[in-house]
Amino acid sequence: MATRSALINVMARAAEKAGRALVRDFGEVEQLQVSRKGPSDFVSNADMKAEKTLRDELQKARPDFGFLLEEAGASKGRDETTRWIVDPLDGTTNFLHGLPHWAISIALEKNGEIVAGVVYEPVHDEMFWAEKGGGTFLNHKRLRVSERRRLEDSVVATGIPFKGRPGHKKFLAEAEAIMTEVAGIRRFGAASLDLAYVAAGRYDGYWERGLSPWDTAAGVLLVTEAGGFVGEIGGGRDPVHGGTILATNTHLNMPLAKLLRSVERKQAAPAPAPEAPKAG
């Protein structure tokens, strides 16, 4: 049985406290769906309350650390080298619709490097956690990425750009390129859990664009500490801050990256010049 460090205990306890309140709020969503006002304001309030709980708990335990919060933004601590990166409710749309697939994500960044991460899924009480150099765990069970070597045997996850955001055309081209090669594609709507599921071997790969650090910071560490590979879609090595992500087991990184880059090349290629009219 894995023994959690004092640091992971701090993160886990904060996530569990915020998670208990979110689960209570989640129980109200079904009733709110039929109200005239609708549940959007309620969910926004639940999100803000969870963020305040997480900030209070983490600050109480480590008062010198700064924060990067989804709702409140960045704030420096006395220790300017270290900050928490927090998403209090990843999967808000799922929460809003009563779908039990959402999570709390907490990462600790020191000198620009993620050194600890927790992704907590409260509905099923699944606590994914990792520290740099210490492996990845689900509750007290050690996790490893999958060993599948062939795309045709693999299930991969992705995220679709939200309404009003650019990238739908590129996403459709990427999905078409990949869906013809793999056993299946899943879109569950919570990036932190997509990464946790890659770490657990539930998915064999995951790609998405248009992400923020609080979406990915904890999950990136979960995957790498479980023996997987994480990078940017275009080949960069900063998926936390780069805005795109490709996470896989060690066997599927190159074939998935090749498919995604082939789409980029096709979309970047100039359109063929129109044929000159033939002489009459």
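The legends below describe close-up views of a predicted model.

**View 1. The open sheet of eight strands and its edges.** In this predicted model, eight strands form an open sheet with mixed pairing, and their order across the sheet is S2-S1-S3-S4-S5-S6-S7-S8. The edges are formed by strand S2 (73-75) and strand S8 (141-142), each of which pairs on one side only.

**View 2. The pairing of strands S4 and S5.** Strand S4, which covers residues 103-110, and strand S5, which covers residues 113-121, run antiparallel and are joined by seven bridges. Within this pairing, isoleucine 106 has valine 118 in S5 as its bridge partner.

**View 3. Two helices against the sheet.** Helix H5, made of residues 191-199, packs on the sheet and touches strand S3 (79-90), S4, S5, strand S6 (126-131) and strand S7 (136-138), while its direction makes about 75 degrees with that of S6. Helix H6, made of residues 213-225, lies across strand S1 (65-69), S3, S4, S5, S6 and S7, and runs at about 100 degrees to S5.

**View 4. Aromatic pairs and a cluster.** Nine aromatic pairs are found in a search of the whole structure, and one of them is formed by tryptophan 129 and phenylalanine 137, whose rings are stacked with 4.6 Å centre to centre and 20 degrees between the planes. Why does tryptophan 129 count as buried? Tryptophan 129 counts as buried because its relative accessibility is 4%, where buried means under 20%. Phenylalanine 137, at 11% relative accessibility, also counts as buried. A further group to look for is the aromatic cluster formed by Phe128, Phe188, Tyr197 and Tyr203.

**View 5. Arginines over aromatic rings.** The charged end of arginine 55 is placed over the ring of phenylalanine 67, at 4.9 Å from the ring's centre. In another part of this view, arginine 202 lies over the face of tyrosine 197, with 4.7 Å to the ring centre; tyrosine 197 is also a member of the aromatic cluster with Phe128, Phe188 and Tyr203.

**View 6. Strand S9 and its parallel partners.** Strand S9, which covers residues 155-158, pairs in the parallel sense with strand S10, residues 184-186, over three bridges, and in this pairing the bridge partner of alanine 157 is arginine 186 in S10. S9 also pairs in the parallel sense with strand S11, residues 205-209, over three bridges, and here threonine 158 stands opposite tryptophan 207 in S11.

Note on methods. Residues numbered from 1 in each chain as written. Predicted model: local features only at pLDDT ≥ 70, side-chain atom pairs only at ≥ 80, totals over all residues. Heavy atoms only, no water. Pairing = 2+ DSSP bridges. Helix = DSSP H or I, 4+ residues; strand = E, 2+ residues; numbered from the N terminus. Contact = heavy atoms within 4.5 Å. Axes fitted to C-alpha atoms, helices over the stretch in contact; angles between N-to-C directions. Phe/Tyr/Trp six-rings, centres within 6.5 Å; stacked < 30°, edge-to-face > 60°. Buried < 20%, exposed > 50% of the residue type's maximum accessible area, 1.4 Å probe, protein only. Lys NZ or Arg CZ within 6 Å of the ring centre and 35° of its normal.
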